[in-house]
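Here is a short briefing on one protein model. It covers aromatic pairs, a helix and a loop residue.

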Amino acid sequence: GARLDMKILAARAHVTLEAIERVIDPGELDPLTGNAVPRHAGADVILRADRILALDAYGDCAPSGRFVLVKDYAIVGGGLISMEGYPDQRGLVTVRATNIKRELPRVSTEERTQRNGHKGGVLWLTGLSGSGKSTLALELERRLFARGYLVYVLDGDNLRFGLNADLGFSPEERTENIRRAGEVAALFAAAGFVVITAFISPYRSDRARVRRAVGQAFHEIYLNADIAICEERDPKGLYKRARAGEIADFTGISAPYEAPEAAELQIDTGSLDVEESLNLLLEYVIPRFALRGK
């Protein structure tokens with residue numbers, strides 16, 4: 001939570017200390033416990049800047065891969081930049097096609113809404129593996145379908161059998177996975193569907209990109225179950241394999257998860273059962289989407 005100034009090359013930015021992942025005693029090289037970095041110690045930390053910075057991983061370019069931290073005009077620390085676990089997004093949104101022209105629909109959003117009796121939109125379920133995303137998405141789909149909704153689930157695992165079969169789980173591939181899924185969800189929503197997604201989608205920047213693609217019809221729903229509960233459930237046995245080193249870049253273990261800062265709805269799926277969580281979802285969806293009391 002500490003607020004500091006970061007100086008990197010000629011740039012200066014405000015940064016927030018988001019997490020302290022590991023603290024090392026420089027003398028003994030042993031890990032220390034606590035939620036602060038003491039004087040003369042080293043640490044792996046996550047810093048979030050308030051603006052975009054030009055930087056590199058230290059191993060790629062040392063001058064732009066190191067920084068100084070300042071507080072109250074005094075230098076309080078310095079560090080080396082690692083981008084391990086975070087995607088390089090510089091080439092992900094470049095439109096390479098030429099001679100293309102956007103065609104506008106001849107059926108308006110309002111016409112689709114009136115025909116369907118409900119608005120279209122995206123319910124973007126995000127959370128750790130084991131937080132209940134697929135379970136709740138599929139059951140919510142069944143409940144809304146029974147009420148007459150045009151509704152469809154986009155599940156992360158399912159898309160990796162087809163549309164995203166060429167993608168793995170590196171930070172860049174995770175980002176591309178969510179970019180594609182978000183564009184598909186936006187198309188479904190524009191067609192008048194209520195789209196329910198089940199993706200870990202660990203990076204805030206990726207979810208923000210989907211929000212921009214969908215617009216006001218995007219609803220971020222955070223299934224907030226802490227990692228201890230998710231690991232205890234471990235429905236696919238993935239946490240056990242990740243702890244054994246059999247799965248690299250596993251969210252929550254060896255890859256980061258950035259929790260939403262302002263989700264439209266947050267559900268504590270660590271303490272609520274499926275039925276209680278579904279009731280909260282329905283209480284959120286019905287008044288925001290239905291036109292004819294469905």
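Phenylalanine 188 is partly exposed, because its relative accessibility is 25%. The model is predicted. The points below start from this residue and its ring partner, then turn to a helix and a threonine.

**Aromatic pairs**

- Phenylalanine 193 has a relative accessibility of 24%, so phenylalanine 193 also counts as partly exposed.
- Searching the whole structure gives seven aromatic pairs.
- One of them joins phenylalanine 188 and phenylalanine 193: the ring centres are 5.4 Å apart and the planes meet at 80°, so the pair is edge-to-face.
- Tyrosine 239 and phenylalanine 250 also form an edge-to-face pair, with 5.0 Å between centres and 80° between planes.
- That pair links distant parts of the chain, eleven residues apart: tyrosine 239 lies in helix H7, and phenylalanine 250 lies in the loop between H7 and S11.
- Tyrosine 239 and phenylalanine 250 are both buried.
- Trp124, Phe199 and Phe218 are linked into a cluster by ring pairs.

**A charge over a ring**

- Arginine 160 places its charged end over the ring of phenylalanine 169, 3.9 Å from the ring centre.

**Helix H2**

- Helix H2 covers residues 133–146, which makes 14 residues.
- At 1.5 Å a residue the expected span is 20 Å, and the end C-alpha atoms are 20 Å apart, so the two values agree.
- Lys133, Leu136, Ala137, Leu140 and Leu144 are the buried residues of H2.
- Viewed down the axis, the buried residues of H2 fall within an arc of 100°, so they line one face of the helix.
- In an α-helix, residues three or four places apart point the same way, because there are 3.6 residues a turn.
- Arg142, Phe145 and Ala146 are exposed on the other side of H2.
- The buried residues of H2 pack against four strands and a helix: S7 (121–126), S8 (151–155), S9 (194–198), S10 (218–223) and H8 (274–289).
- Glycine 148 follows H2 and has a positive phi, near 100°.

**Threonine 251**

- Threonine 251 sits in the loop between helix H7 (238–243) and strand S11 (265–267).
- Its relative accessibility is 2%, so threonine 251 is buried.
- The side chains of threonine 251 and arginine 174 make a polar contact of 3.2 Å.
- Leaving out residues up to four places away in sequence, threonine 251 touches Leu128, Arg174, Ile200, Pro202, Tyr239, Pro256 and Tyr257.
- Arg174 is thus both a contact and a polar partner of threonine 251.

Note on methods
Residues are numbered from 1 along each chain as its sequence is written. This is a predicted model: local features need pLDDT of at least 70, side-chain atom pairs count only at pLDDT 80 or more; totals for chains, interfaces and linings use all residues. Side-chain values use heavy atoms; hydrogens and water are left out. Helices (H or I, at least four residues) and strands (E, at least two) are DSSP runs, numbered from the N terminus. Buried means under 20% relative accessible area, exposed over 50%, partly exposed in between (1.4 Å probe, protein chains only). A polar contact is a pair of N or O atoms within 3.5 Å; within protein, one must be able to donate a hydrogen and the other to accept it, and residues adjacent in sequence count only if both atoms are side-chain atoms. Contact means heavy atoms within 4.5 Å. Rings of Phe, Tyr and Trp (its six-membered ring) pair if their centres lie within 6.5 Å; planes under 30 degrees apart count as stacked, over 60 as edge-to-face and the rest as tilted. A charge sits over a ring if NZ of Lys or CZ of Arg is within 6 Å of the ring centre and within 35 degrees of the ring normal. The expected span of a helix is 1.5 Å times one less than its number of residues. The arc is that of the directions from the helix axis to the C-beta atoms.
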